[in-house]
Number of protein chains: 2
Amino acid sequence: MITSFAGESKNFLDDKSRLSIPAKYRRWISGEDAECTFFITKGSDPCLVAYPEPEWEIFTEKLQQLSQFKKKNRSFIRTWSRNSIRLKCDKQGRVLLPQEHLNFANIKKEVIIIGALNYLELWDPETLEKHQESQIPLDDDYYEDLADIL
Amino acid sequence: MITSFAGESKNFLDDKSRLSIPAKYRRWISGEDAECTFFITKGSDPCLVAYPEPEWEIFTEKLQQLSQFKKKNRSFIRTWSRNSIRLKCDKQGRVLLPQEHLNFANIKKEVIIIGALNYLELWDPETLEKHQESQIPLDDDYYEDLADIL
DNA sequence: TATAATTGTGGGTAGATGTGGGGAGAAATC
DNA sequence: GATTTCTCCCCACATCTACCCACAATTATA
């Protein structure tokens, strides 16, 4: 089965930098909320991206095909890996986010959690709003191309 | 199962040149942190590279395919082998790094440990920063090629 | 509507982790 | 064989992590 998130929630970091993952997403991954592990990385946009472990494994298996005797591969893998961390939910369904990552996404206290197909995005509300405003609207060409697969 | 490290930590050498391997990586290898053995070698970049024992074995098997009747192969294998040492974690999860290797990677006290798929990289912080700055950014061609496998 | 269950948040505390250093035994050197 | 050096066990301890319990707010159920 393919993980497929949807929707949006707003939660708050507590004083220990812990974030509750909305229960609906936890249930999405593991039928019951037993174990629940995410890989969190810095997004291409100024937000954090969280993949459930199974999705992550699919991706890393592919990456392992890259030979480490090519300089560019090492560079790519290094950058990717440095920004990625494995986070396990605690018994209350929270993950402890490192300060480094919070800074990257400009997250202080409030966090918007967006379910996007097979990953979650974590946004600072203000940053998200500004980012949306600055986006170039999608043009007809884009939809034309989109039509090729949809 | 494939080993697949991720993330980054900062630890310190103690006065005896011992380095704590972050517990998350030790657990990653052996479900419980029982035995934990690494092969450490000098990287293609100015850092040390640590393979968990099983990964090392896979790698050496591949090396055996190189014909020893080619001068360059002999040279490569010789250099590789000379620089590789087997290090077992002590009961506190530390490995004793030889001075020779520390010098190679320019490691003094602080060590950045990067989990990179099936190996770990050990960096001196300054050296890492300089190295990253001096890298040619990955170009479009690279990502085009990458798209073939991802 | 009233009651029960779930969810998100807060905070105390036991245990895990990283670091330092003493000292016993092994290995190397003289 | 004696001395020195090296390695690895042990204990110690500050810091960090993740468990537990608690409770308010929300949602679901009777």
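# A tour of two sheets and a helix crossing

In strand S7 of chain B, B:Lys10 has B:Ile112 as its bridge partner. Select that pair to begin. Keep in mind that this is a predicted model.

**Stop 1: strand S7 of chain B**

Now select residues 110-116 of chain B, which form strand S7. Is this strand enclosed or open to the outside? Six of its seven residues are buried, so S7(B) is largely enclosed by the rest of the structure. For that step, buried means under 20% relative accessible area.

Add strand S1 of chain B, residues 8-12. S1(B) and S7(B) pair in the antiparallel sense, over five bridges. The pair you began with, B:Lys10 and B:Ile112, belongs here.

Next add strand S8 of chain B, residues 119-123. S7(B) pairs with S8(B) over five bridges, and again the sense is antiparallel. Pick out B:Ile114: opposite it, in S8(B), stands B:Glu121.

Follow the chain from S7(B) into S8(B). A hairpin with two residues between the strands makes the link. Click on B:Leu117 in this hairpin, where phi is positive, near 60°.

**Stop 2: strand S3 of chain B**

Select residues 37-42 of chain B, strand S3. How many of its six residues are buried? Six of the six are, and the strand is described as mostly covered.

Show the side chains. In a regular strand they alternate between the two faces of the sheet. On one side of S3(B) you find B:Thr37, B:Phe39 and B:Thr41. On the other are B:Phe38, B:Ile40 and B:Lys42. Both faces are covered, and all these residues are buried.

S3(B) has a partner in strand S5 of chain B, residues 85-88. Four bridges join the two, which run antiparallel. Look for B:Ile40, with B:Ile85 of S5(B) opposite.

S3(B) is also joined to strand S4 of chain B, residues 48-52. Here there are five bridges, and the strands run antiparallel. Two pairs are worth selecting. B:Phe39 stands opposite B:Tyr51. B:Thr41 stands opposite B:Val49. A hairpin of five residues leads from S3(B) to S4(B).

**Stop 3: the whole sheet of chain B**

Show all the strands of this sheet together. In what order do they lie? The order is S1-S7-S8-S4-S3-S5. The sheet is open, has six strands and is paired antiparallel. At its edges stand S1 and S5 of chain B. Each has a single partner strand, so one side of each is left without a neighbour in the sheet. On average, neighbouring strands are turned by 30° against each other, direction ignored.

Now bring in helix H3 of chain A. H3(A) packs on this sheet of chain B, touching S1, S7 and S8. The direction of H3(A) makes about 100° with that of S7(B).

**Stop 4: where two helices cross**

Keep helix H3 of chain A selected, residues 71-82, and add helix H5 of chain B, residues 125-134. Their axes come within 12 Å and cross at roughly 125°. That angle makes H3(A) oblique to H5(B). The crossing is left-handed.

Which residues make the contact? From H3(A) come A:Arg78, A:Thr79 and A:Arg82. From H5(B) come B:Leu128, B:His131 and B:Gln132. By class, this contact has one nonpolar, three polar and two charged residues.

**Stop 5: the sheet of chain A**

Move to the strands of chain A. They form an open sheet of six strands in the order S1-S7-S8-S4-S3-S5, with antiparallel pairing. Strand S1 (8-12) and strand S5 (85-88) stand at the edges. Each has a single partner strand, so one side of each lacks a neighbour in the sheet. From one strand to the next the twist averages 30°.

Zoom in on S1(A) and strand S7 of chain A, residues 110-116. They run antiparallel and are joined by five bridges. A:Lys10 stands opposite A:Ile112 in S7(A). Then select helix H2 of chain A, residues 53-63, which packs on the sheet. H2(A) touches S3, S4 and S5 of chain A, and its direction makes about 95° with that of S4(A).

**Last stop: B:Thr79**

Select B:Thr79 in helix H3 of chain B, residues 71-82. Its relative accessibility is 43%, so B:Thr79 counts as partly exposed. Now select B:Leu146 as well. The two are 67 residues apart in sequence and 30 Å apart in space, C-alpha to C-alpha.

Note on methods:
Residues numbered from 1 in each chain as written. Chains lettered and ligands numbered in written order. Predicted model: local features only at pLDDT ≥ 70, side-chain atom pairs only at ≥ 80, totals over all residues. Heavy atoms only, no water. Axes fitted to C-alpha atoms, helices over the stretch in contact; angles between N-to-C directions. Parallel < 35°, antiparallel > 145°, perpendicular 65-115°, else oblique. Left-handed = near helix turned anticlockwise from the far one by under 90°. Contact = heavy atoms within 4.5 Å. Nonpolar A, V, L, I, M, F, W, Y, C, P; charged D, E, K, R; others polar. Pairing = 2+ DSSP bridges. Buried < 20%, exposed > 50% of the residue type's maximum accessible area, 1.4 Å probe, protein only.
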